[in-house]
Amino acid sequence: MLKRFMNLFYQDIKVVIRNRFLTVVLLLAFVIAGLINFVIPQNVKITPKELFFDNTAERVWEKELVKRGMEKDRFYYSRDELYKAVQNNKSSLGIMAEGSLENTTFTIIRQGTEPEEIINVLDATLENGIREFRNLEKAEYYEVEFLRPRSEPIPFNKNLIPVVLVFEVVMLGFLMIAVMIFQEKQEGSIRAYRVSPGGVLEYIFSKASVITLLGLIYGGTIVVLTRGLGIDYLSLTALIVLTSILITLMGLLLSVFFRNISEFFFIAIAIMMASGIPIIAYMYPSFAPPFMTWIPSYPVVFGVREILFPTGKEGFMAPLVWILLLENTVLFAASYWAVQRKLLRGGR
Amino acid sequence: MLKRILNFIKADIVNATRDNIILYMLIAPVLLALLSRLFLPTLQNVNLTFAVDRHAGQEVINQLKAYGNIELYDTDLQVRERVERPDDVGGIIGNGEKYTILMEGNEGKDFDAIYTSIMDRILRDSPLAQFEHISLGVPESPIRGLFTSFLLLSAVMIAGLIVGFNLIDEKETRAIQALAVSPIKIFEYIIARGVLVLLMALILSLLTSLIMVGFAADYAKLVVGVLFSAALAVALGLLLGGLADNQISGIAILKVLFLVYTLIPMGSLFVHEALQWVFYPFPNYWMFVMFKNIYLGTQHIGFWAASIFTLITSIIYILLMVPVLRRTLKLR
């Protein structure tokens with residue numbers, strides 16, 4: 001069996017190299033690493049942009065906020081100017097401060113689509129600003145406790161590495177397995193395989209191994225170029241391998257029910273986009289509706305983030321690996337059945 | 001010439017119908033748009049979530065509701081377990097007199113400051129400032145418009161990819177060799193493919209827009225926009241089909257194309273208006289600006305200018321590809 005598997009494996013490797021897949025993933029890895037390292041900014045604001053008009057006597061707000069790094073172009077010098085700026089930028093909120101620090105009145109100009117809760121949070125943070133500027137004591141006794149030491153916020157560009165690994169590198173398997181199968185169907189090699197001594201196991205293992213290897217080369221190159229060598233590559237490899245196999249099995253299971261790539265393509269795009277929904281939860285970490293947490297890629301992307309940017313969280317790998325093993329087992333059984341019934345029917 | 005083009009289109013439609021492509025083509029964007037509709041309202045109302053110990057007291061719990069969603073737990077251990085989960089949810093534990101804000105330690109910048117501000121405001125006897133709120137009465141969040149624009153970009157791309165994969169199929173089945181000895185010329189071939197793309201892109205775009213925003217869009221402009229975008233879809237299809245010898249290499253090329261196609265409009269969202277010129281050579285950037293004009297209101301470059309630039313830049317790319325296509329497809 002091992003010999004048959006190795007023969008198939010070499011054959012599939014040749015197909016991948018001949019069709020420029022290795023070249024393409026290496027090229028993409030360098031492009032993506034270049035974008036992350038040199039093009040994508042470290043700081044990007046994805047929440048509404050606050051614009052200000054400080055009409056207080058001493059312009060305390062403007063002075064303090066600029067001192068703390070706020071861009072000067074977010075300040076306007078009349079109510080009308082601020083109003084127009086907020087009207088022109090649908091992702092902005094206007095804040096006008098009047099009076100003195102001891103008796104401030106804020107006028108918040110909002111678009112009207114923001115939830116009330118967010119406006120209340122804005123009010124609270126502005127009041128907290130007054131407390132800080134006036135050096136007032138805390139209201140009553142409360143404290144902040146961190147379960148683990150406070151970690152440095154991850155820069156926006158580097159924060160995209162887990163997204164790339166889970167939703168680009170690993171997703172490669174979903175389309176690739178399908179294309180390999182359709183190609184074999186079209187060339188007639190699947191018919192030849194039916195009458196060969198090779199079985200379903202070798203067939204699935206060979207394809208999954210080649211695709212996983214490609215994923216490791218792709219992902220490994222990106223991680224080395226963006227994060228260097230000082231991370232836990234063993235855990236990262238484990239997650240990439242398990243997730244890559246899972247996605248490949250999913251692609252295999254679905255593709256056997258279609259006649260050609262054109263038919264499969266549209267469903268594949270829809271499924272790949274659905275799998276990508278957790279990107280939103282990753283980019284807006286306060287947003288995680290229950291249905292999203294059930295998508296397999298959700299825990300994986302956060303697991304990969306913890307490996308790449310450790311915060312001291314312990315014990316997250318074992319449950320994640322167990323879940324992935326369980327999902328792989330279920331999908332393997334289903335794929336085995338599907339390949340045997342739909343693809344290799346007529347063989348053993 | 002017209003007859004040859006019509007025959008070609010007929011053959012493509014027969015192929016598409018035979019392979020259920022039309023059916024799947026309709027299913028995919030409908031699924032995507034429905035999925036987007038499903039979670040967009042939630043996304044538009046993203047709030048903070050507080051994991052609160054019941055012993056914190058009803059008054060604090062009631063006041064916290066004004067700032068976000070509340071998840072109640074019976075013990076502080078349960079609150080700690082909730083805070084440990086991957087998302088950014090802070091915990092509040094306390095006994096009515098003394099409170100602890102629990103943070104995991106890996107939350108985003110200023111997250112603890114926001115929670116502190118809220119608790120401070122709730123627990124303070126008198127407010128530190130007065131607030132007045134003015135609403136501009138904007139009916140719809142820009143997120144929906146942005147999502148719709150991105151979905152329309154993918155609709156045009158799907159139409160282009162059908163052409164690309166048809167072309168690969170013609171290469172693999174050697175139908176292209178038969179075409180090479182037929183009277184059809186390269187420009188007739190491109191026009192024939194263009195008509196098919198246009199039909200597909202129109203169906204996909206109209207369906208996507210209807211699901212996403214209903215009738216709250218200027219559909220005349222959308223039709224015009226898709227007309228101007230058809231050349232880009234043709235360019236995508238020809239590039240894919242011209243370079244790939246088979247489906248596997250087609251997918252390899254598609255990976256590069258897809259990256260360029262999606263990253264340019266996405267990147268333009270994060271680049272300052274003064275630097276937007278770096279995107280000007282790319283038709284997908286102009287197409288994105290065009291769709292944003294329809295769904296988000298007037299942009300820094302208006303609808304008509306963006307539409308014309310989409311067409312011009314796409315045609316330039318097609319013209320650049322013609323010599324390559326002549327060589328690979330061997331058409332006259």
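Two strands pair if DSSP finds at least two bridges between them. Helices (H or I, at least four residues) and strands (E, at least two) are DSSP runs, numbered from the N terminus. The model is predicted: local features need pLDDT of at least 70, side-chain atom pairs count only at pLDDT 80 or more, and totals for chains, interfaces and linings use all residues. Residues are numbered from 1 along each chain as its sequence is written, and chains are lettered from A and ligands numbered from 1 in the order in which they are written.

**View 1. A mixed sheet carries strands from chain A and chain B.** Five strands form this open sheet, in the order 4(A)-4(B)-3(B)-1(B)-2(B). Its edges are strand 4 (142-146) of chain A and strand 2 (68-73) of chain B, and each pairs on one side only. On average, neighbouring strands are turned by 25° against each other, direction ignored. Axes here are lines fitted to C-alpha atoms, for helices over the stretch in contact, and angles run from 0 to 180 degrees between N-to-C directions. Helix 5 (residues 111-123) of chain B packs on the sheet. This helix touches strand 4 of chain A, and also strand 3 (90-94) and strand 4 of chain B. Its direction makes about 160° with that of strand 4 of chain B. Contact between two residues means that their C-beta atoms, placed from the backbone, lie within 7 Å.

**View 2. Strand 4 of chain A pairs with strand 4 (residues 99-103) of chain B.** The pairing is parallel, over five bridges. Tyr142(A) stands opposite Tyr99(B). Glu143(A) has Thr100(B) as its bridge partner.

**View 3. Strand 4 of chain B is covered on both faces.** Tyr99(B), Ile101(B) and Met103(B) are buried on one side, Thr100(B) and Leu102(B) on the other. A residue is buried if 20 or more other C-beta atoms lie within 10 Å of its own, exposed if 12 or fewer, and partly exposed in between, with C-beta atoms placed from the backbone. Five of the five residues of the strand are buried, so it is largely enclosed by the rest of the structure. Strand 3 of chain B pairs with strand 4 of chain B in the antiparallel sense, over four bridges. Gly91(B) stands opposite Leu102(B). The two strands form a hairpin with four residues between them. In the turn, Gly96(B) has a positive phi of about 100°.

**View 4. Chain A meets chain B across an interface.** Here 82 residues of chain A are in contact with 80 residues of chain B. Helix 5 (residues 116-133) of chain A gives the most to the chain A side, with 13 residues. By class, that side has 48 nonpolar, 19 polar and 15 charged residues. Ala, Val, Leu, Ile, Met, Phe, Trp, Tyr, Cys and Pro count as nonpolar, Asp, Glu, Lys and Arg as charged, and the others, Gly among them, as polar. Elsewhere, seven bridges join strand 3 (residues 103-110) of chain A to strand 5 (residues 129-135) of chain B, and these strands run parallel. Arg110(A) has Ser135(B) as its bridge partner.

**View 5. Helix 6 (residues 142-172) of chain B is largely enclosed by the rest of the structure.** Of its 31 residues, 25 are buried. The end C-alpha atoms are 45 Å apart, which agrees with the expected span of 45 Å at 1.5 Å a residue. That span is 1.5 Å times one less than the number of residues. Just after the helix, Arg174(B) takes a positive phi of about 65°.

**View 6. The largest nonpolar core has 135 residues.** A nonpolar core is a set of buried Ala, Val, Leu, Ile, Met, Phe, Trp, Tyr and Cys residues joined through C-beta atoms within 7 Å. Val156(B), Ala159(B) and Ala201(B) touch the most other members. Helix 6 of chain B supplies the largest share, 15 residues. Ala159(B) touches Val197(B), Met200(B), Ala201(B), Leu204(B) and Ala233(B), not counting residues up to four places away in sequence. A second, separate core of 38 residues includes Phe52(A), Ala51(B), Tyr67(B) and Ile114(B).

**View 7. Two loop residues of chain A have positive phi: Arg59(A) and Asn135(A).** Arg59(A) lies between strand 1 (49-56) and helix 3 (60-67) of chain A. Its phi is about 50°. Arg59(A) is partly exposed, with 13 other C-beta atoms within 10 Å. Asn135(A) sits between helix 5 and strand 4 of chain A. Its phi is near 55°. With 6 C-beta neighbours inside 10 Å, Asn135(A) counts as exposed.
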